[in-house]
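Student: I'm new to this one. Can you walk me through it?

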Amino acid sequence: MEQMMEFMKGLDWSPLLISLKTGVVATILSFFGGIYAARQVVKAGPKTKAVMDGILTLPMVLPPTVAGFFLLLIFSLRRPLYGNVGIKVIQSWLGCILAATVIAFPLMYRNARAAFEQVDANLVYAARTLGMSEIKIFWKVVIPSAGPGILSGTILTFARA
């Protein structure tokens with residue numbers, strides 16, 4: 001037991017801590033972005049819904065190396081987009097968060113969208129007849145009804161990030 005404690009003290013815990021911090025931040029970003037995107041897509045028309053769904057789930061079907069290559073192309077320091085801004089994304093913690101968020105976002109989006117589509121429309125209609133605003137309906141009726149789907153999406157997002 002004493003040898004095990006000595007071994008544990010000698011380990012470098014920084015990679016684990018960086019991974020946990022990155023996962024938490026990427027999950028928070030994907031959580032709010034995924035809920036917002038899912039809500040907008042659910043309210044959109046069928047053609048817009050199909051196009052947006054394809055774009056938002058693209059990182060999920062691309063191999064991670066291809067997604068990483070596209071991120072490198074977009075955020076390279078040689079791109080005119082970042083000429084004089086001075087924000088370094090490549091090989092930084094910000095880049096790590098960005099990559100984890102891009103890869104994990106589709107999982108949150110798909111689960112939130114499915115959960116929003118399963119919400120009973122009669123609950124929303126009843127809330128409207130009671131005079132609730134759309135924002136209040138969203139936070140007091142839709143989110144609690146879609147809670148299990150959103151929770152599963154959050155867990156999957158954290159696991160992927």
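Tutor: Sure, and a definition comes before anything else: helices (H or I, at least four residues) and strands (E, at least two) are DSSP runs, numbered from the N terminus. This is a predicted model, where local features need pLDDT of at least 70, side-chain atom pairs count only at pLDDT 80 or more, and totals for chains, interfaces and linings use all residues. Residues are numbered from 1 along each chain as its sequence is written, and side-chain values use heavy atoms, with hydrogens and water left out.

Student: How many helices and strands does the chain have?

Tutor: Reading from the N terminus, the elements go α-α-α-α-α-α-α-α-α. The count is therefore zero strands and nine helices.

Student: What is the radius of gyration of the chain?

Tutor: For 161 residues the globule rule (2.2 Å times the number of residues to the power 0.38) gives 15 Å. The chain's value, taken over C-alpha atoms, is well over that, so the chain is more spread out than a compact globule. That value is 20 Å.

Student: Where in α6 does the kink lie?

Tutor: The bend at a residue is the angle between axes fitted to the seven residues ending there and the seven starting there. In α6 a kink of about 40° comes shortly before the proline Pro 106. It lies at Ala 104.

Student: At what angle do α2 and α9 pack?

Tutor: Axes are lines fitted to C-alpha atoms, for helices over the stretch in contact, and angles run from 0 to 180 degrees between N-to-C directions. The axes of α2 (residues 14-43) and α9 (residues 147-160) are 9 Å apart. Their angle is about 145°.
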